[in-house]
Amino acid sequence: MADLTRRRATLVIATSALVTWLGQGRRARVSADRLRAGGELLLRCEGASHFRLAYAEYGTADVPATAGAARVRVPFSETREEWTPLLCVPCDARGPMGPATIVQILTAPVRFGA
């Protein structure tokens, strides 16, 4: 009886590790975790036909990908926050392929002087 419980626990752990490992491959890989507004961001995810981006007051936009990669120039935002999250979700013809990857965009206003 104890051996059956041990086998079941081993199976659950192995399955959850496999699901976690497979799920990580479907997350968008980005060229930077933090970026200044106006900078260029490279997105990659094998099998993605486009990336769905969500950013501040711009809402969501679909950016087409070529061979699972896309380049995006991050727009400037009117927000007064210092950092604004940009959510990147890889998608194929069926929809989202995995969870969003978050890139923090520096949107603080530029100040000159002392």
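A salt bridge is counted where a side-chain nitrogen of Lys or Arg lies within 4 Å of a carboxyl oxygen of Asp or Glu. In the structure, which is a predicted model, the side chains of Arg73 and Glu40 satisfy this criterion, with an N to O distance of 3.6 Å. Arg73 belongs to strand E6 and Glu40 to strand E3, so the contact ties together parts that are 33 residues apart in sequence. Arg73 is exposed, at 54% relative accessible area. Glu40 counts as partly exposed, at 39%.

Glu40 has a further partner. Its side chain also meets that of Arg71 in a salt bridge, at 3.1 Å from N to O. Here too the residues lie in two strands, Glu40 in E3 and Arg71 in E6, so parts 31 residues apart in sequence are tied together. Arg71 counts as exposed, with 58% relative accessibility. Glu40, Arg71 and Arg73 are thus linked in a network of salt bridges.

Over the whole structure, a search finds four salt bridges. One of them joins the side chains of Arg52 and Asp62, at 2.9 Å from N to O. Arg52 lies in strand E4 (residues 50-55) and Asp62 in strand E5 (residues 59-64), so this pair ties together parts that are ten residues apart in sequence. Arg52 is partly exposed, with a relative accessible area of 32%. Asp62 is also partly exposed, at 46% relative accessibility.

The strands that carry the Glu40 network are themselves paired. E3 and E6 (residues 69-73) run antiparallel and share five bridges. Within this pairing, Leu41 stands opposite Val72 of E6. E3 also pairs with strand E1 (residues 29-30), again in the antiparallel sense, over two bridges. Both bridge partners in E3 can be named. Val30 is matched with Leu43, and Arg29 is matched with Arg44.

Together these three strands form an open antiparallel sheet in the order E1-E3-E6. E1 and E6 stand at the edges with a single partner strand each, so one side of each has no neighbour in the sheet.

The side chains of E3 divide between two faces. In a regular strand, side chains alternate between the two faces of the sheet. Strand E3 (residues 40-44) shows such an alternation. Leu41 and Leu43 point to one face and are buried. Glu40, Leu42 and Arg44 point to the other face and are not buried. The face with Glu40 therefore holds a residue that is partly exposed, at 39% relative accessibility. The bridge partners of the two buried leucines lie in the flanking strands: Val72 in E6 stands opposite Leu41, and Val30 in E1 is paired with Leu43.

Further strand pairing centres on E9 (residues 101-106). Strand E2 (residues 34-36) pairs with E9 in the parallel sense, over three bridges. In this pairing, Leu35 stands opposite Ile105. Strand E7 (residues 83-92) runs antiparallel to E9 and is joined to E9 by six bridges. Trp83 stands opposite Leu106 of E9. E9 is thus paired in the parallel sense with E2 and in the antiparallel sense with E7.

Leu106 also contributes to the lining of the largest pocket. This pocket holds about 200 Å³ of space. Its lining includes Arg36 and Ala37, the run Phe76, Ser77, Glu78, Thr79 and Arg80, and the run Leu106, Thr107, Ala108, Pro109 and Val110. By residue class, the lining divides into six nonpolar, three polar and three charged residues. Arg36, one of the lining residues, falls within strand E2 (residues 34-36).

The structure holds one aromatic pair. It is formed by Tyr55 and Tyr58, whose rings are stacked, at 5.9 Å centre to centre and 5° between the planes. The two tyrosines stand apart in accessibility. Tyr55 is buried, with a relative accessible area of 5%, whereas Tyr58 is partly exposed, at 47%. Tyr55 falls within strand E4 (residues 50-55), the strand that also carries Arg52 of the salt bridge to Asp62.

Technical notes. Residues numbered from 1 in each chain as written. Predicted model: local features only at pLDDT ≥ 70, side-chain atom pairs only at ≥ 80, totals over all residues. Heavy atoms only, no water. Buried < 20%, exposed > 50% of the residue type's maximum accessible area, 1.4 Å probe, protein only. Helix = DSSP H or I, 4+ residues; strand = E, 2+ residues; numbered from the N terminus. Pairing = 2+ DSSP bridges. 1 Å grid on protein atoms, 1.4 Å probe; cavity = no way out; pocket = protein on both sides within 12 Å on 5 of 7 lines; lining within 4 Å. Points joined across faces, edges and corners; volume = space filled by probe spheres on them. Nonpolar A, V, L, I, M, F, W, Y, C, P; charged D, E, K, R; others polar. Phe/Tyr/Trp six-rings, centres within 6.5 Å; stacked < 30°, edge-to-face > 60°.
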